Amino acid sequence: MSANEKKVVNEKATEFEDHQHVEVSEDLPPELEALLHAEPLQGLSAAEVEERTAQFGRNEISEKKTNPLLKFLSYFTGAIAYLIELAFILSGVVEDWVDFGIIGGLLIINALIGFIEESKADAALDALKNTLALKSRVFRDGRLVEVESATLVPGDIIAVRLGDIIPADGRLLGISVDGSDSEVNLQVDQSALTGESLPVEKKKGDTIYSSSICKQGQMLA
């Protein structure tokens with residue numbers, strides 16, 4: 001290896017070693033921000049949970065199954081598709097079989113590509129659903145209780161601890177379940193969402209994301 005090649009390799013290694021995770025702050029709409037200020041060790045009341053469930057729905061990915069044949073046929077609809085199909089029909093009427101075959105092939109190929117890509121997206125969505133936490137520890141009516149993660153609503157105070165799958169996007173409060181300041185920041189593995197190979201440090205005010213995993217520490221969010 002030449003001196004110049006070694007220099008390039010060393011520079012790339014240095015860049016890799018110096019790489020740091022950059023936390024991106026998120027600005028929430030005022031109407032949602034107003035819901036995120038429940039008393040940490042009190043949490044929401046049963047009435048508030050019921051009201052917010054009616055307003056926002058359950059904390060789950062909705063599932064809507066579609067007949068595969070109908071989904072495939074849907075790619076032959078739309079303004080552009082109708083124009084191409086009209087050209088396809090006219091080619092047959094005038095017996096221009098070369099254009100007839102080309103246009104028909106393009107219609108089928110376009111539908112197949114769309115169908116396959118959407119199937120891949122559905123498979124990724126199913127995989128994400130399988131990583132969601134089923135149970136969560138949350139403060140409700142002043143008590144720390146275990147509930148189904150699907151029943152969480154905006155404003156719920158959840159407890160995140162070592163090994164937990166984070167059940168919903170949340171903002172870290174910087175305090176422990178006993179109300180004291182957290183001694184250490186969280187280390188969160190969010191590689192399934194961002195591709196980062198190492199856990200990232202999350203401190204008070206940072207956002208944690210649903211389906212990521214807490215690797216160190218415990219904190220309310």
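**Figure 1. Confidence along the protein chain of the predicted model.** Confidence in the protein chain is lowest in helix α1 (residues 3-18), where the mean pLDDT is 49, and highest in strand β9 (residues 219-220), where the mean is 92. The protein chain has an average pLDDT of 80, and 81% of the residues score at least 70. Over residues 13-19, pLDDT stays under 50, and the model has zero contacts for this segment beyond four places in sequence. Where pLDDT is low, the predicted coordinates should not be read in detail.

**Figure 2. Helix α5 and its two faces.** Helix α5 comprises 15 residues, numbered 79-93. The distance from the first C-alpha of α5 to its last is 21 Å, close to the 21 Å expected at 1.5 Å a residue. Within α5, residues A81, E85, S91 and G92 are buried. Viewed down the helix axis, the buried residues of α5 fall within an arc of 115°, so they line one face of the helix. The face turned away from this buried side carries A79, I80, L83 and V93, which are exposed. Following α5 is E95, which has a positive phi near 60°.

**Figure 3. The open sheet of four strands.** The strands are arranged in the order β2-β1-β3-β9, with antiparallel pairing. β2 (143-148) and β9 are the edge strands, each pairing on one side only. Strands of a sheet pair through backbone hydrogen bonds, either parallel or antiparallel. Between strand β1 (residues 135-140) and β2, the antiparallel pairing extends over six bridges. Opposite V138 stands V145 of β2.

**Figure 4. Strand β5 and its pairing with β6 and β8.** Strand β5 spans residues 186-189 and is joined to β6 by three bridges, the two strands running antiparallel. Here L186 stands opposite K202 of β6. Three bridges also join β5 to strand β8 (residues 213-216), again in the antiparallel sense. In β8, Q216 is the bridge partner of Q187.

**Figure 5. The largest nonpolar core and the surroundings of L172.** This core has 15 residues, of which V138, L152, I158, V160, L172, L186 and I208 touch the most other members. At least two residues of the core are supplied by each of β2, β3 (157-160) and β5. Apart from this core lies another, of nine residues, among them A38, F139, A159 and I175. Beyond its neighbours within four places in sequence, L172 is in contact with residues including L186, I208, M219, L220 and A221. Further contacts of L172 include K202, K203, K204, G205 and D206.

**Figure 6. K203 in the loop between β6 and β7.** The loop that holds K203 connects β6 (200-202) with β7 (207-208). K203 has a relative accessible area of 44% and is therefore partly exposed. When its neighbours within four places in sequence are set aside, K203 is in contact with L172 and N185. L172 is one of the residues of the largest nonpolar core that touch the most other members. S182 is 21 residues from K203 along the chain, and the C-alpha atoms of the two residues are separated by 9.4 Å.

How values were computed:
Residues are numbered from 1 along each chain as its sequence is written. This is a predicted model: local features need pLDDT of at least 70, side-chain atom pairs count only at pLDDT 80 or more; totals for chains, interfaces and linings use all residues. Side-chain values use heavy atoms; hydrogens and water are left out. Buried means under 20% relative accessible area, exposed over 50%, partly exposed in between (1.4 Å probe, protein chains only). Contact means heavy atoms within 4.5 Å. pLDDT is the predictor's confidence in each residue, from 0 to 100. The expected span of a helix is 1.5 Å times one less than its number of residues. The arc is that of the directions from the helix axis to the C-beta atoms. Two strands pair if DSSP finds at least two bridges between them. A nonpolar core is a set of buried Ala, Val, Leu, Ile, Met, Phe, Trp, Tyr and Cys residues joined through side-chain atoms within 4.5 Å.
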